[in-house]
Every structure is written in C-alpha cells, then in structure tokens.
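Dear colleague,

I am passing on a structure that you have not worked with before, and I would be glad if you could look it over alongside my notes. Please find it here.

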Amino acid sequence: MPYEIQKEGRCYKVMNTETQQVHAKCTSKKKAEAQVRLLENIVEEKPMTKGKGVRATSSWVQYYKEHTKGKKFGTRQAVNDHMKKLSIEYHKQKK
C-alpha cells in the first residue's frame with residue numbers, strides 16, 4: 001500500500017508515498033496505525049467492522065450506490081433514514 005508511517009522525534013507521521021500527501025502530522029503510533037488501516041480500507045472500498053459487527057456485502061453496497069446516485073441529503077438523520085428504508089427494501093427483495 002502507498003501509506004507509510006514515519007517517526008519524527010516523539011511523533012509519528014502518516015503519508016502517502018505516491019503523492020507525498022500527509023494525512024497525520026504528529027500522532028501516537030497506535031493512532032497512526034489506525035489511520036493507515038482506515039486509509040487502506042477506503043482505497044479498497046472494504047467495509048470496516050471490528051469484532052462481531054455487521055459486515056456489508058458487495059451486493060448491498062452496489063444496491064445502495066445505485067439507489068443514492070445524485071441524491072443530496074441535508075442532515076445525517078436524512079442519510080440514516082434513507083439507508084434504513086433501502087435496507088428494508090433490499091432484504092424484502094432478497095427473500
């Protein structure tokens with residue numbers, strides 16, 4: 001992956017080696033490692049879950065992308081409501 005952690009004094013820096021973009025300037029090693037994991041999952045478009053969380057399937061992600069193209073939401077609550085509605089429709093369709 002193009003992300004690397006560099007030690008600078010007492011801090012750690014997270015940067016993209018291809019574009020030289022810095023994502024974290026001075027942070028702890030634990031937080032830098034978490035940042036790299038997050039960035040790598042964003043690039044690969046993998047769902048992030050930890051432990052027993054619900055993992056989104058690729059078919060659900062595709063369904064969600066198709067049904068939200070071009071839509072603009074004013075609030076986070078509107079996004080959550082839309083996602084809940086789509087989830088219900090998707091699971092009815094799967095049965």
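Below is what was found in it, beginning with confidence and then moving along the chain by topic.

Please keep in mind that this is a predicted model, with a pLDDT that averages 80 over the protein, while 81% of the residues score at least 70. Confidence is highest in strand β2, at 93, and lowest in helix α2, which spans residues 58-68 and has a mean of 77.

A search of the whole structure for disulfides turns up one, and it joins cysteine 11 to cysteine 26, with the two sulfur atoms 1.8 Å apart. Because cysteine 11 lies in strand β2 (residues 11-16) and cysteine 26 in strand β3 (residues 22-27), the pair ties together parts that are 15 residues apart in sequence. Cysteine 26 is counted as exposed, since its relative accessible area is 52% and the cut-off for that word is over 50%. In the loop between β2 and β3 you will find glutamine 20, which has a positive phi of about 65° even though it is not a glycine.

Turning to the interior, the largest nonpolar core is made up of seven residues, namely Tyr3, Tyr12, Val14, Ala24, Ala32, Val36 and Leu39. The elements that give two or more residues to this core are β2 and helix α1, which covers 29-44, and the largest share, three residues, comes from α1. One member of the core, tyrosine 12, touches a number of residues beyond four places away in sequence, among them Ala24, Lys25, Cys26, Thr27 and Ala32. As general background, nonpolar side chains tend to be buried together in soluble globular proteins.

There is also a second, separate core of six residues, which includes Trp60, Tyr63, Tyr64 and Val79. Which residues of α2 are buried? In that helix, Trp60, Tyr63, Tyr64 and Thr68 are buried, and they lie on the same side of α2 because they cover an arc of only 115° around the axis. An α-helix has 3.6 residues a turn, so residues three or four places apart point the same way. After α2 comes glycine 70, whose phi is positive, near 75°.

When you read the parts on α2, please bear in mind that confidence in the protein is lowest in this helix.

With best wishes

Methods
Residues are numbered from 1 along each chain as its sequence is written. Side-chain values use heavy atoms; hydrogens and water are left out. A disulfide is a pair of cysteine sulfur atoms within 2.5 Å. Helices (H or I, at least four residues) and strands (E, at least two) are DSSP runs, numbered from the N terminus. Buried means under 20% relative accessible area, exposed over 50%, partly exposed in between (1.4 Å probe, protein chains only). pLDDT is the predictor's confidence in each residue, from 0 to 100. The arc is that of the directions from the helix axis to the C-beta atoms. A nonpolar core is a set of buried Ala, Val, Leu, Ile, Met, Phe, Trp, Tyr and Cys residues joined through side-chain atoms within 4.5 Å. Contact means heavy atoms within 4.5 Å.
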